[in-house]
Amino acid sequence: MHLLQPQLEVTTSLLVSTHSTSAPVLMPDQVQRSSWQKLTSEPEQVDWLILHFNHWFSHHNVTLVKGDFEPEYFPATNQHAARIQFAHGFFNSALHEISHWSISGAQRRLLPDLGYWYAPDGRTAEQQALFEQVEIKPQAIEWLFATAFGRKFRVSLDNLTGDSGNGQQFKDHVFAQVQRYFSGEAKLPHDAAHFIHYICHCTRNSTPLQRDEFKREDLD
């Protein structure tokens, strides 16, 4: 077992522009971790992610939990911390739900499911277009998370029985959004930046993400 090292600030070279350069101070003896590189199964990696996310963001009174059904966000109550529930113990589902949480502001975090409207599978073309518009930034951030973990990212249009929309155009938009984060044209939400910083510390020996790691053809 190794001790989690303290992280005092988000390195500005991580991404060109973030909302904040300060991160919560983590004491070395507050959480122990197995080396990420030694984890070989998805359940082990999921447990690692839950342990570390819940520690890194405990100051937000939020917990990441496995769900048996569809993903859902439950705001905090007087008795319980807020819960980010991801689907069926899938690692990629956890990253997707964290991306939505990280991009939401304080007011949205007080609302069930972060206040998002959601139409089930079988959406019309108009509903699908609205879905894709809302999903561009979260999926761009999810791509950053996945790359920091060394995992393959795939966009999700999530409409198997309805109008699937223009998948190539959606991929173009997600790629362009990632490029805007690196160029500084768009600011990465500070919780997303902190999460990436912490991941890179544990999985990449603190090597920050680089713009050339993200190629449009990787989404095809």
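In this predicted model, tryptophan 117 lies in the loop that connects α2 (91–103) to α3 (125–148). Together with Leu130 and Val134, Trp117 forms a nonpolar patch on the surface, for which the combined accessible area is about 280 Å².

Helix α3 also packs against helix α4 (residues 167–183), the two axes lying 8 Å apart at an angle of about 55°. Because angles from 35 to 65 degrees fall outside the roughly parallel and roughly perpendicular ranges, α3 is oblique to α4. The crossing in which α3 passes α4 is right-handed. On the α3 side, the contact involves Glu132, Glu135, Ile136, Lys137, Gln139, Ala140, Ile141, Trp143 and Leu144, which meet Phe170, His173, Val174, Phe175, Gln177, Val178, Tyr181 and Phe182 of α4.

A further helix pair is formed by α2 and helix α5 (residues 190–203), whose axes cross at roughly 140° and come within 8 Å of each other. The relation between α2 and α5 is therefore likewise described as oblique. Here Leu95, Ile98, Trp101 and Ser102 of α2 make the contact with Asp191, Ala192 and Phe195 of α5.

With regard to charged side chains, seven salt bridges are counted in the model. In one salt bridge, the side chains of glutamate 42 and arginine 151 meet with an N to O distance of 3.2 Å. This pair links distant parts of the chain, since glutamate 42 belongs to helix α1 (residues 42–56) whereas arginine 151 is placed in the loop between α3 and α4, the two being 109 residues apart.

Notes:
Residues are numbered from 1 along each chain as its sequence is written. This is a predicted model: local features need pLDDT of at least 70, side-chain atom pairs count only at pLDDT 80 or more; totals for chains, interfaces and linings use all residues. Side-chain values use heavy atoms; hydrogens and water are left out. Patches are made of residues with over 30% relative accessible area and no salt bridge: like charges are joined within 9 Å, nonpolar side chains (Val, Leu, Ile, Met, Phe, Trp, Tyr) within 5 Å. Accessible areas come from the Shrake-Rupley method with a 1.4 Å probe; for residues, only the protein chains shown count as cover. A salt bridge is a side-chain nitrogen of Lys or Arg within 4 Å of a carboxyl oxygen of Asp or Glu. Helices (H or I, at least four residues) and strands (E, at least two) are DSSP runs, numbered from the N terminus. Axes are lines fitted to C-alpha atoms, for helices over the stretch in contact, and angles run from 0 to 180 degrees between N-to-C directions. Angles under 35 degrees count as roughly parallel, over 145 as roughly antiparallel, 65 to 115 as roughly perpendicular and the rest as oblique. A crossing is left-handed if the near helix is turned anticlockwise from the far one by less than a right angle, and right-handed if clockwise. Contact means heavy atoms within 4.5 Å.
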